[in-house]
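Welcome! Here is a short tour of a structure that may be new to you. Have the sequence and the 3D view at hand as you read.

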Amino acid sequence: MTEQTIPATTGSTADAGDAGYRKALKPRHVNMIAIGGAIGTGLFLGAGGRLAQAGPALAIVYAVCGLFAFFVVRALGELILYRPSSGAFVSYAREFMGEKGAYLAGWMHFLNWSTTGIADITAIALYAHFWSFFSPVPQWVLALIALAVVLTLNLVSVKLFGEMEFWFAIVKVAALVLFMVIGIFLLVTQTPVDGVAGGPQLIADHGGIFPAGLLPMVLIVQGVVFAYASVELVGVAAGETEHPEKIMPKAINSIMWRILVFYVGSVVLLAMLLPWSSYTKDQSPFVTVLSHLGVPAADSVMNLVVLTAALSSLNSGLYSTGRILRSMAMAGSAPKFTGVMNRNHVPYGGILLTAAVCVLGVGLNYLVPKEAFDIVLNFAAIGILATWAIIVLCHLLFVRRAKRDGVERPSFRLPFSPWTEIATLVFLAAVVVLMGFDETGRITLLALPAIAVALVVGWFGVRKRIDMRAFDKEGM
């Protein structure tokens, strides 16, 4: 497949920010971006603490949250087939909600991924310290090195980004598949783990599916939602993919069954191999099982996998914010320099702005290395909830326009609209409420007024230079 540069004006390019990109992402890249977005450290590390808190009921929570994450990305998928755009949900917000909607969508996405980037480089430094070779190196130095390497590779070309994501996703999927094969083998052969043979009876003998009651299951919903926080990135990749109408439906539909297999399947296996109380938040649940089996270097292998997951997240965040900021810059709602491209058709201005915020995170790692991770995740939580809500709202407005003006909807549609969108928005609102029951969540909610003030001040600062012609209404 040859690379093609998207022309400045075509019948399907309604967003001025879409001009100049190369359609260099191949189907295998997009499929792996979709997989990688659905599998991250939320499973590899977070599942241990959540199992210890809610027991086997965690599988139900993963299934429910995964269903709503699928609704979000399926709504985005219909918008993609209606009009592919590297500006993704910012471009759709501009069309259906106006420039204020695009401004809000873009900067909340930037808030999410710039702070997630800080969390990623912090995690990478922490994971590297697991090996004694890196122990003498300060955490902030390792964070800076990780940022510099991923930033450099991201600036080279979109094809290199796609290759990195492809191999990062391969590592994550291979690790999960290998563990599940081992787990199923142990169950079928009734090989005891820590002296106890696994199976469904292990769940029944330790309090059943809800050993801690319903409340802990409800309270972990907010944490599980953020485990799926990258699924929307497949929408950004659509603008640099040839024939998205063929590739995207398959990639998006695969997300649902992969969530069922990898998240729900893994948790059920974990609960049948060891009592749920055997897992802790300080150790990957997969390492817990393998270490009880006496598998040598299991913790080192899994540490390499979670390191890969963090690198993948950082890579994706730099990629997506670069494209989103360019769409905004072309309209005037982001700094002008974020709209520029290098000779390889990479919007390096936006990528560098995100990296600059991550550099602040390096400083955070220097000042408060132990608290850096939790501090930034508070802000990332707000950003992802806002991004998902805007995607769903855009789809609702799109469906309304289709009914009112006779706009043809793609055959790939969000099922049961508008009830699906309404249910998803209610679910996201419920997650915000649940955050109030958690200490970290309460800090997040307290930050909302400050973020709102910053957004309002920023809007008044840019509104006079907003160029509404950046969106070609004739292309709508």
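Two axes count as roughly antiparallel when the angle between them is over 145 degrees. The model you are looking at is a predicted one. With that in mind, we can begin with a pair of packed helices, then visit a covered helix, some loops and the cysteines.

**A pair of helices: α8 and α15**

- Helix α8 covers residues 158–188 and helix α15 covers residues 298–331; the two pack at an angle of about 150°, with their axes 9 Å apart.
- Because angles over 145 degrees count as roughly antiparallel, α8 and α15 are therefore roughly antiparallel to each other.
- The crossing that α8 makes with α15 is left-handed.
- On the α8 side, the contact is made by V158, F161, M164, E165, F168, V171, K172 and A175.
- On the α15 side, the residues in the contact are V305, T308, A309, L311, S312, N315, S316, Y319 and R323.
- Sorted by character, the residues of this contact between α8 and α15 comprise 10 nonpolar, 4 polar and 3 charged.

**A mostly covered helix: α3**

- Helix α3 runs over residues 46–54, and 7 of its 9 residues are buried, so this helix is mostly covered.
- Its buried residues are G46, A47, G48, G49, R50, L51 and A54.
- Which elements cover the buried residues of α3? They include α2 (41–44), α4 (58–82), α10 (214–219), α11 (221–225), α13 and α14 (285–292).
- Just after α3 comes G55, which has a positive phi, near 75°.

**Backbone details in the loops**

- S417 and P418 are joined by a cis peptide bond, with omega about 5°.
- You can find P418 in the loop between α17 (372–405) and α18 (419–435).
- D194 is not a glycine, yet its phi is positive, at about 60°.
- D194 sits in the loop between β1 (192–193) and β2 (196–197).
- Is D194 buried or exposed? With a relative accessible area of 52%, D194 is exposed, because exposed means over 50%.
- H243 also has a positive phi, about 55°, although it is not a glycine.
- The loop that holds H243 lies between α12 (233–237) and α13 (244–273).
- The relative accessible area of H243 is 43%, so H243 is partly exposed.

**F130 and its partners far along the chain**

- F130 belongs to the loop between α6 (99–128) and α7 (139–156).
- At a relative accessible area of 38%, F130 is partly exposed.
- F130 and N303 are 173 residues apart along the chain, while their C-alpha atoms are separated by 7.7 Å.
- Leaving aside neighbours within four places in sequence, what does F130 contact? Its partners are D299, S300 and N303.

**Cysteines**

- A disulfide is a covalent bond between the sulfur atoms of two cysteines.
- How many disulfides does the model have? Counting pairs of cysteine sulfur atoms within 2.5 Å, the total comes to 0 disulfides.
- C65 has 2% relative accessibility and therefore counts as buried, since buried means under 20% relative accessible area.
- C394 counts as buried because its relative accessibility is 1%.

Note on methods
Residues numbered from 1 in each chain as written. Predicted model: local features only at pLDDT ≥ 70, side-chain atom pairs only at ≥ 80, totals over all residues. Heavy atoms only, no water. Axes fitted to C-alpha atoms, helices over the stretch in contact; angles between N-to-C directions. Helix = DSSP H or I, 4+ residues; strand = E, 2+ residues; numbered from the N terminus. Parallel < 35°, antiparallel > 145°, perpendicular 65-115°, else oblique. Left-handed = near helix turned anticlockwise from the far one by under 90°. Contact = heavy atoms within 4.5 Å. Nonpolar A, V, L, I, M, F, W, Y, C, P; charged D, E, K, R; others polar. Buried < 20%, exposed > 50% of the residue type's maximum accessible area, 1.4 Å probe, protein only.
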